[in-house]
Structures are given as C-alpha cells and as structure tokens.
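Student: I would like to learn how to read the features of a model one at a time. Please give me the general idea first, then the case.

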Amino acid sequence: MTEHQLKSLLEQMTLDEKIAQLLQLAGPFYKGSKDNGEITGPMAEMGITAEEIEKSGSVLGVSGAQDVMRIQEEYLKTNRLGIPLLFMADVVHGYKTIFPVPLAIGCSWDLDLAEKSAEIAAKEASVSGVHVTFAPMVDLVRDPRWGRVMETTGEDPYLNSEFARAFVRGFQGENLQEDTNRVAACVKHFAAYGAPEGGRDYNTVNMSERQLRESYLPAYKAALDEGCEMVMTSFNTVDGIPSSGNKWLMRHLLRGEWQFDGVVISDWGAVKELIPHGVAEDEREAAAKAILAGVDIEMMTACYVKNLKHLVETKEVNEAIIDEAVLRILQLKHKLGLFDNPYRGADVKLEQEVVMSDEHLNASRELAAKSVVLLKNENILPLKKEQKVALIGPFAQSGDILGPWSWMGSKEKTIQLADGLSDKTSTINIAKGSDIETVTDEQLEEAVNAAEDADVIVLALGEDSDMSGEAGCRADIRLPESQLVLVSKLKQLDKPIVAVLFNGRPLDLHGLIDQADAVLEAWYPGTAGGAAVADLLYGDVNPSGKLTMSFPYSVGQVPVYYNHYNTGRPKLDPDVKERYLSQYLDIPNEPLLPFGFGLSYTTFTYSDYKVSSETVTPETPLTLSVKITNTGDFTGDEIVQLYIRDLSGEVVRPVKELKAFEKVSLKPGESKEITFTITEEQLRYYHSDLQYTSDQGSFEAYIGPDSQHVTTFSFKLVK
Ligand code: NOJ
C-alpha cells in the first residue's frame with residue numbers, strides 16, 4: 001500500500017472504527033482463541049463489547065502459529081474494511097529457546113551475540129505468529145532491590161545504548177516487510193522506569209531533566225536511532241506527571257526533539273492508572289490526558305473506547321489527533337506486510353522446525369557461558385574430572401533458571417545443572433539441601449551425607465524466578481536465610497565449596513562469599529543454562545563475563561554505582577580515619593564488587609601503554625594503546641575498558657564514564673595491542689542550560705580490566 005492508499009483507508013473509517021484501532025486487548029477476548037472470546041473475571045468487568053473487540057487494532061500475549069492464524073481469520077470475517085489485527089507479545093530474551101536474562105547478556109559485553117539472540121528470538125516468535133515484541137527493555141538501573149533489574153543490561157548509559165542498538169538490529173533486521181523472520185521492536189519503558197524511589201516497583205521517579213538526559217534517556221534514544229518501530233510508556237511519574245499522560249515526554253521530547261514518528265503504546269493499564277496517580281478524576285479525563293500527551297494505543301483498559309468519541313464530540317479532543325495515531329498504526333501494519341498477508345510469518349510447519357532447533361539451543365548455550373561472571377576463585381576452579389562432586393542446593397535439579405520473563409519457555413525442557421554436570425563426570429552425589437526459603441533438619445542431614453565422601457561441594461543457590469521481575473522487589477537482598485544456613489552447615493565439613501548462583505539481581509553476598517572458595521554468578525542462564533555452567537565449572541569454556549551492575553557491600557549503600565559524582569568531601573583513601581567525609585561509619589563506600597569486574601581461569605597483563613598526544617581538539621582525537629598479554633595457562637577472553645573523567649566541568653561530572661571497550665581472545669602467551677580513540681565528541685555532556693557541548697580543560701582517561709583497577713592518563717581538551 002502507498003501512503004496515499006493508507007490515508008484513503010483512514011478516510012473510509014468511522015470514528016468508532018478509528019478509536020477501536022487504539023485499543024489493545026489480551027488474547028482471551030478474541031474468537032478463535034482458546035477462550036473463544038468468553039471472558040470472565042476482571043477482564044469481563046472492563047465492559048468491552050463484542051463490537052469493540054471486532055474492530056480493535058491489536059492483541060497481546062497470543063502466540064503459536066495455529067492460534068494466531070485462527071484468531072486473525074475469525075477477526076477478518078467481521079472487520080468491515082479488512083484491516084488485520086497486530087499481534088504483540090513479550091519476547092524479551094528468547095521465545096521458546098530462552099537466552100540468559102538481559103542483565104546476564106549485558107555481562108557478556110558481546111554485542112554480536114546479543115544481536116544474534118534477538119534475531120533467533122524474532123525468528124521463533126515470527127513463525128509462531130508474533131508481529132511485535134515488547135522489547136528491548138533498556139531502563140538504566142542503580143538499585144538491585146528493584147525486581148526488574150534482570151530485564152536490563154545494567155547501570156551504564158553507554159553500554160546500555162550499545163545493547164539497545166544490538167537488540168533492535170537483531171529483532172528487526174533490515175526490512176520488516178520482506179524479512180518475515182523478524183519482528184518490530186518496542187523499546188520500553190519510557191522513561192526512567194528503572195529509577196523508582198526505594199527500588200519499589202511502579203514507584204515515583206524524581207530527578208532533574210539534566211540527570212534524565214545524561215543517564216536515563218540515551219539508551220531509548222539509541223534504540224530509536226537504530227530504527228525501533230515502537231515505544232512503550234512507563235508506569236512511573238517523570239517530574240510529577242505519569243509518563244502515560246506526560247505531554248512534555250511524548251509531544252515535546254519524543255515526537256518533537258527526537259522526531260519519532262512510530263507508534264506509542266501505554267504499558268498495561270497505565271492510562272487508567274492516571275486516576276490512582278491522582279492526575280485524572282475519572283476514565284474520561286485519563287483518556288483525554290493520555291491521547292493529548294501522545295499515547296496511541298491503550299493497553300488493556302477501556303478509557304479510550306469508552307470516552308474518546310464523546311471527547312471528540314465536545315471538542316475536547318481534536319479528531320485530527322486520533323487520525324494521526326490511527327495512521328501510525330496503519331503504517332506499522334503496512335510495514336509489517338499485513339495488508340498483503342495478514343498471517344505474515346506464521347507457519348505451523350516451520351514453527352515445528354525452527355522453534356528450539358539445535359542451532360538455537362547452541363547459540364543460547366554459547367551466550368549463557370559468556371554471560372556468567374566468576375566472582376571468586378581460590379584455586380579451586382576449574383574442577384577436575386576425577387574429583388568426586390557433591391551437587392547440593394535448591395537449584396541442583398531445578399528448571400527454574402529461565403528467569404521471570406520466559407512465559408513461553410519450558411522448565412521441563414531446560415538443561416538443569418545436574419544434567420550438565422552428569423555430562424562431564426559420573427561421580428556426583430545430589431541433594432537438595434534446602435528449599436529456596438525454608439530448610440529442615442532432614443534436608444541438612446541429607447546434604448551432609450551427600451557431601452561426606454566428596455572432594456568438592458558444588459552449591460547451587462539463588463532466588464526463584466518469582467523473587468525478581470515485575471513486582472518482584474526485595475528490601476533484603478541477601479540469599480534467603482535457609483540457604484545461608486545450608487552454607488554454614490556444609491562449611492563445617494571443611495571441604496572446598498563452589499557456589500553457583502541463579503538469581504535476577506546483584507545480591508548482598510555476605511554469608512556466602514566469605515564461606516565459599518569459588519563463586520560463579522550464573523544469573524538465570526536460560527534453556528541451556530545447566531550445560532553452560534558445567535562447561536565453565538570444568539574449564540571447557542573459560543569464564544569471561546564482567547559485571548554491568550555493581551554488587552553492593554550491603555543494601556544500606558544502595559544506590560551504589562560506579563559512575564557517581566565525587567562530592568565536595570570524597571573519601572579517597574579507605575584507610576584514612578577522618579570524620580567529616582562523605583562516608584558510612586560502619587561499611588565502606590565501595591561496592592563489594594565493582595562494575596566491570598569478573599575473573600578468568602587465566603591472567604592478563606596490561607603493558608606498553610602509548611598515548612598519541614596530550615591534547616584532544618575537535619579536529620584531532622587522541623589515541624591510547626595498550627598491550628594485553630595472556631600470562632596464564634588457559635585461552636581466554638578479556639574485556640578491556642576505557643573510562644574518562646572531566647576534572648572540572650560547568651556542572652559536576654561522574655568520577656568515571658565508560659567510553660569504549662574491546663573484547664579480545666588470547667591463547668596462553670599471546671599478546672595483542674588494543675587502540676582506543678578519544679574524540680572531542682566523547683567529552684560532551686549536558687550543561688546547566690541543557691546544551692550538549694564540551695569544555696576546554698583537564699581530563700583523565702583510565703584503562704583497565706574493571707572500573708576500579710585502572711591505569712590513569714592525563715590529557716587536555718583544547719578548542
Ligand atoms: C507490563 C510490563 O511492565 C511490560 O514490560 C510488558 O511489556 C507489559 N506488561 C505487557 O505484557
């Protein structure tokens with residue numbers, strides 16, 4: 001269809017038909033779905049009529065080629081103008097082949113594999129009938145109490161932006177119309193959903209516009225620059241106004257300044273939530289505020305369908321605003337090729353072949369192994385085949401390692417840790433030891449028995465998937481007490497302990513890291529998780545992941561992140577005893593484990609630094625080179641990181657900002673020179689008047705294996 005044809009289609013639509021395009025409902029509302037439109041409970045209370053459903057524009061959460069095709073077929077039977085339904089779903093880190101959770105993918109620092117994971121997710125989802133995924137989620141996070149930190153790639157604006165781009169490329173490919181193996185992406189949650197006060201989901205977000213632009217907005221913008229088709233609003237307020245009714249956010253910033261012309265969708269129920277937020281009296285006012293602010297599609301509440309017509313009649317809402325929103329939706333349907341083929345990629349036969357293919361499982365295993373972070377290793381890993389292993393803990397034989405966002409994943413088809421280890425050695429004793437949050441004397445006794453004649457204890461611990469994700473916030477971010485009791489009990493046996501953690505957030509590791517000889521942070525590693533972790537435990541793959549979110553020393557430090565400001569009274573030397581400094585009396589300022597940190601079975605040295613110049617000008621960048629040598633016995637990957645600091649800005653500047661990184665793979669004894677370039681553009685920032693420029697003056701650059709252990713270089717920017 002041409003733009004002209006789309007516009008004439010719009011002209012043929014009645015106001016009711018247009019408004020219904022702005023409504024998104026869940027699968028059960030539709031004829032042809034498993035519930036065949038017979039809805040009950042809260043959904044029935046929405047008061048949606050059969051006619052509204054017949055005209056509605058999009059559906060969420062349905063998948064499976066057969067189901068999608070059946071619903072589409074039924075729908076088109078009654079849709080007067082033959083406008084197909086759009087199918088959207090949360091395909092966040094895999095469809096049925098589940099990849100590690102995004103926070104883990106972040107720790108791989110591997111943009112190519114991240115892109116590949118999204119491409120595979122898109123392929124599985126599209127043959128199963130999905131057109132749009134509600135991903136990537138790119139919210140910047142600093143508070144591990146918030147359950148959704150597992151859905152993002154971490155605390156750094158630059159790294160999050162790079163991953164946002166990679167995911168969008170992977171989901172969308174080059175051309176959605178021709179490549180029906182891809183899906184449109186919807187970046188979320190716009191904006192700053194990752195900064196709720198107290199780390200409590202849906203809570204208020206309070207920050208200056210400068211902070212918003214500096215840290216929180218770049219990743220959404222990066223996704224849009226990569227061509228992301230849709231944006232989802234967040235549940236929180238931005239400067240006192242909930243995102244879904246925030247004109248400044250959507251009309252001024254997104255549509256005006258950023259020139260975004262794609263579809264904006266509210267999060268689930270967020271339009272109606274303008275009422276409890278206290279900015280709308282009723283659904284009518286909520287509808288008016290949301291449409292005027294720029295929300296095109298209302299997800300799962302009925303404020304638009306029940307009120308927009310009247311709002312147009314009373315001239316409170318101009319019909320042109322509705323036309324614009326509808327046209328954007330029609331354009332997206334056209335881009336996806338739905339007017340030519342309303343079933344698009346859905347294909348029952350291909351679905352059988354493609355979904356969870358060996359190729360996809362192998363890709364998931366590879367990315368899982370690269371996402372795991374080795375946090376501690378006192379000469380115990382890798383394990384030797386001849387060692388007798390006791391595998392103990394609630395995650396020893398658990399398929400609950402897919403993470404909370406894997407509604408299509410199958411726990412039964414997931415490779416558990418016990419399966420993975422059994423492929424490596426035949427001498428394993430297994431015991432559960434404790435449940436996630438409870439433990440009995442019998443369980444402890446069984447664990448001790450299993451461990452008694454073992455050479456090494458592998459403890460599989462963590463949080464079950466309900467303990468993170470949406471509405472999965474925790475105020476105490478230690479491992480549950482039951483599991484710490486198990487650790488202490490086994491410690492009494494005086495045998496080496498290797499802890500493997502399956503969890504969705506940086507934890508306070510006290511009670512574990514001090515007792516275990518080695519700790520491997522496996523996050524939720526996905527469908528092939530048990531195999532990937534076993535590869536690492538036995539040294540078939542060398543750990544290379546590095547943290548993209550700091551692990552706090554204790555929850556009292558939160559938020560703790562590497563790119564903080566210095567304050568006027570910084571505590572520069574941890575050993576100095578002076579009172580009037582910015583510090584805690586009882587714990588250090590530094591996190592337990594910093595951003596960028598992760599161990600390997602080999603060692604790398606950094607040497608032969610070369611700096612091209614002591615100045616950067618707008619015309620001449622500076623280059624910094626370093627030689628990385630693998631000085632250990634294993635082939636390994638090192639993630640070399642470049643940070644900078646502006647020593648004197650017009651506003652305060654972070655003590656470090658990641659500007660570049662490179663991942664190198666080196667055999668024992670091998671070296672490679674890495675060169676980073678620092679340009680004037682990388683030194684720009686938002687000033688107090690929100691201008692994005694750089695200032696002349698002194699800077700430092702840092703190169704190192706993490707954000708704390710770095711070598712410093714000084715340079716000046718001359719303009
Ligand atoms: C609510 C979540 O916040 C959002 O991330 C998700 O995409 C929608 N529900 C749809 O399932």
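Student: Leaving aside neighbours within four places in sequence, which residues is S482 in contact with?

Tutor: Contact means heavy atoms within 4.5 Å. With neighbours up to four places away left out, S482 touches S434, D435, I436, E437, T438 and V439. This is a predicted model, in which local features need pLDDT of at least 70 and side-chain atom pairs count only at pLDDT 80 or more, while totals for chains, interfaces and linings use all residues. Residues are numbered from 1 along each chain as its sequence is written, and side-chain values use heavy atoms, with hydrogens and water left out.

Student: Which backbone atoms does the side chain of S482 reach?

Tutor: Look for polar contacts: pairs of N or O atoms within 3.5 Å, where within protein one must be able to donate a hydrogen and the other to accept it, and residues adjacent in sequence count only if both atoms are side-chain atoms. The side chain of S482 is 3.5 Å from the backbone oxygen of D435 and 3.4 Å from the backbone nitrogen of T438.

Student: In which helix does S482 lie, and is S482 buried or exposed?

Tutor: Helices (H or I, at least four residues) and strands (E, at least two) are DSSP runs, numbered from the N terminus. S482 belongs to helix α20, residues 481-491. Buried means under 20% relative accessible area, exposed over 50%, and partly exposed in between (1.4 Å probe, protein chains only). S482 counts as buried because its relative accessible area is 5%.

Student: Which residues of helix α14 are buried?

Tutor: An α-helix has 3.6 residues a turn, so residues three or four places apart point the same way. In α14, which runs over residues 303-313, the buried residues are C303, Y304, V305, N307, L308, L311 and V312. Their cover includes α2 (15-21), β1 (23-26), α4 (50-55), α13 (283-293), β10 (298-299) and α15. Just after α14, K315 takes a positive phi of about 65°.

Student: What does H334 touch, not counting residues up to four places away in sequence?

Tutor: H334 has contacts with M1, L6, Q177 and F339 under that rule. The residue sits in helix α15, which covers residues 319-335. H334 is buried because its relative accessible area is 17%.

Student: Where are D239 and R344, and what is the phi of each?

Tutor: The sign of phi is the thing to read here. D239 has a phi near 50°, a positive value in a residue other than glycine, and lies in the loop between β7 (237-238) and β8 (241-242). R344, also other than glycine, has a positive phi near 45° and lies in the loop between α15 and α16 (348-354). Burial separates the two: D239 is exposed at 62% relative accessible area, whereas R344 is buried at 6%.

Student: Which peptide bonds are cis?

Tutor: Read omega for this. The bond from F190 to A191 is cis, with omega near 5°, and A191 is in the loop between β5 (184-190) and α9 (209-216). The bond from L381 to P382 is also cis, with omega near -5°; P382 is in the loop between β11 (373-377) and β12 (389-392).

Student: What does N203 touch, not counting residues up to four places away in sequence?

Tutor: N203, in the loop between β5 and α9, touches P196, E197 and N236. A polar side-chain atom of N203 lies 2.8 Å from the backbone oxygen of E197. N203 and N236 are 33 residues apart along the chain, yet their C-alpha atoms are separated by 6.1 Å. At 13% relative accessibility, N203 is buried.

Student: How many residues surround the ligand?

Tutor: A residue is near a molecule if one of its heavy atoms lies within 4 Å of it. There are 13 around the ligand, the closest being D90, R148, K188, H189 and D267. A polar side-chain atom of D90 is 2.5 Å from a ligand oxygen. For K188, a side-chain N or O atom is 2.9 Å from an oxygen atom of the ligand, and for D267 the distance is 2.5 Å.
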